[in-house]
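Welcome, and please have the sequence and the structure open side by side as you read. We will go from the overall picture to single residues.

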Amino acid sequence: MLAYLPSPPQGVWDIGPFPLRAYAVCIIVGIIVAIWWGEKRWQSRGGEAGAILDVAVFAVPFGLIGGRIYHVATDWQKYFGADGNPVDALKIYQGGLGIWGAVFLGGIGAWIACRIYKIPLPALGDAIAPPILLAQAIGRLGNYFNQELYGRETDLPWGLEIYLRFDDAGRLDMMNGVSSGEVHSVVHPTFLYELLWNVAVVLALVYIDRRFRIGHGRLFALYVAGYCFGRFFVELMRDDEATLIAGIRVNSFTSGLVFLAAIAYVLFATKGRETPEQLRPGGGPRPWPWQFGALRAAGAATGPGSGDEDAAARESDTGTESAHYDAADPPAEAADSEDGGGSGATDPLAKPEGAAESAKTDEPADSAAGPQDSSAEPDSAGLGGSAESPKSATSEDAVDPKSGANESGAAHTDSVSSADTDSAATAPRNP
């Protein structure tokens, strides 16, 4: 006799008046793992800490609702048919979440959060794609405890035994009851096939991300395509009741269409990856979703045209040189313009660095410029320097008093060397 894989004797444990359901535990563990790993991936790409949790507060409830709506819509006979009970459509703890609805409506929730927190949605999708698929794999363990989503009968060694379960009153209850040890059937563990496929795709996504450093939502599209490819074949192995479209199971039909759309996105989307500067919304408060007033204030503070003003305010308080802000934390609007240029791989710091290098090496330009030597002064006045208007280089204040080389103002340009000019432009300034 073959030793088939056994099913759990039960999937629900009563702890006082509260039932502990393995299905719910698996989903919760999957969500926690996805947020934790997604946060690490987001920060490694240059994003701000806490962004994934902020988005998850929106995306997770939307995803759960969307998954349930899709399940009920595609298996409506179970709830609104002749033997159905419409109230059961609300009993999400009994199982039944459609991944297509979860991703679609969860994506809408993520989009809303990204609009509020000024985060690029495609880049966030790339960061959380492998964690989401791993969460799906963990969630499939809940199907194992519920004895659901299995395939046709088989005699293969890895066939799964499905037990008859009964409640305390002796009534048959396959979902909430306890096994009697009697084997109902031996079937293909299709949820296990999908779990293993998901893990394989997760590993492939991590490798592709590290090897090719793709971005702009293309890794998320690869996740969708990879999942759909495996799900299409898993659906062919199932024989439980399902809605058909043109003789094809609805989930197989959906898998094929979504797979084609995802591949098209991978081929035609922007190449390259976003720079770390493009992932930052410019700092500022990060209110919780229920703090509506704070959310509106945060959105206004990080809206268009506010980046430079906020930077000026920060620099005025700290006395930090303006060149430091320009090189380390450019405004979000400038990063967005780089993204719109195509690949997103262009370094937004290249031009400022080139200009600074030119100013340091072009000695004739510095020495002959005369009055232009004071070009660094406006930044001081605007971002942490004196509030006074910049002084002309023709005044006596432009001459280093320590040099003593020229007492008159008629020939002051000869007394100011290029080294003095560079040191004056780059020396730290007092607030």
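## How confident is the model?

What pLDDT does the protein average, and what share of the residues score at least 70? This is a predicted model, with an average pLDDT of 74 and 65% of the residues at 70 or above. Confidence peaks in helix H6, with a mean of 96, and is lowest in helix H11 (residues 322-328), where the mean is 38.

Please take care with residues 304-431, where pLDDT stays under 50. For that stretch the model has 112 contacts beyond four places in sequence. Where pLDDT is low, the predicted coordinates should not be read in detail.

## The overall picture

The protein has 431 residues, and 39% of them are buried. Its secondary structure comprises 17 helices and six strands. Of the contacts between residues at least 6 apart in sequence, 72% join residues that are at least 24 apart. About 23200 Å² of the protein is exposed, with carbon and sulfur atoms supplying 63% of that area.

An unreviewed UniProt entry places the feature "transmembrane region" at residues 20-38, 50-72, 92-114, 121-139, 191-208, 220-238 and 250-270. Two of these spans show how the annotation meets the model. Residues 20-38 are 89% helix and 11% strand, with end C-alpha atoms 27 Å apart. Residues 50-72 are 96% helix and 0% strand, and here the end C-alpha atoms lie 34 Å apart.

## Helix H1 and what covers it

Does the length of helix H1 agree or disagree with what its residue count predicts? H1 runs over residues 22-44, and at 1.5 Å a residue its 23 residues should span 33 Å. The end C-alpha atoms are 33 Å apart, so the model agrees with the expected value. After H1 comes Gly-46, which has a positive phi near 110 degrees.

The buried residues of H1 are Ala-22, Tyr-23, Cys-26, Ile-27, Gly-30, Ala-34, Gly-38, Glu-39, Arg-41 and Trp-42. Their cover includes two strands, E1 (12-15) and E2 (18-21), together with the helices H2 (51-74), H5 (121-146), H6 (190-212) and H7 (218-236).

## Aromatic pairs

Now for the rings: the count of aromatic pairs comes to nine. In one of them, Trp-13 and Phe-145 have ring centres 6.2 Å apart and planes at 70 degrees; planes over 60 degrees apart count as edge-to-face, so this pair is edge-to-face. Trp-13 belongs to strand E1 and Phe-145 to helix H5, so the pair ties together parts of the chain 132 residues apart in sequence. Both residues are partly exposed, with relative accessibility at 34% for Trp-13 and at 24% for Phe-145.

The rings of Trp-197 and Phe-229 have centres 6.0 Å apart and planes at 35 degrees, so that pair is tilted. Trp-197 sits in helix H6 and Phe-229 in helix H7, and the pair links these distant parts of the chain, 32 residues apart. Trp-197 is partly exposed at 32% relative accessible area, and Phe-229 is partly exposed at 42%. Ring pairs also join Trp-197 and Phe-229 with Phe-232, Phe-233 and Phe-259 in a cluster.

## Arg-140 and its contacts

Is Arg-140 buried or exposed? With a relative accessibility of 10%, Arg-140 falls under the 20% cut-off and therefore counts as buried. The residue is part of helix H5, and the unreviewed UniProt entry places the feature "binding site" there. Leaving aside residues up to four places away in sequence, Arg-140 touches Leu-149, Phe-191, Glu-194, Leu-195, Tyr-227 and Arg-231.

## Two positive phi values

Most residues other than glycine have a negative phi. Leu-149, one of the contacts of Arg-140, has a positive phi of about 55 degrees although it is not a glycine. Leu-149 lies in the loop between H5 and strand E3 (160-166), and is partly exposed at 26% relative accessibility.

Lys-118 also has a positive phi, near 60 degrees. Lys-118 is found in the loop between helix H4 (99-117) and H5, where its relative accessibility of 33% counts as partly exposed.

Definitions and conventions. Residues numbered from 1 in each chain as written. Predicted model: local features only at pLDDT ≥ 70, side-chain atom pairs only at ≥ 80, totals over all residues. Heavy atoms only, no water. UniProt positions renumbered as here; feature names shortened; annotations may be inferred. Helix = DSSP H or I, 4+ residues; strand = E, 2+ residues; numbered from the N terminus. Expected span 1.5 Å × (residues − 1). Buried < 20%, exposed > 50% of the residue type's maximum accessible area, 1.4 Å probe, protein only. Contact = heavy atoms within 4.5 Å. Areas by Shrake-Rupley, 256 points an atom, 1.4 Å probe, with all protein chains shown as cover. pLDDT = per-residue confidence, 0-100. Phe/Tyr/Trp six-rings, centres within 6.5 Å; stacked < 30°, edge-to-face > 60°.
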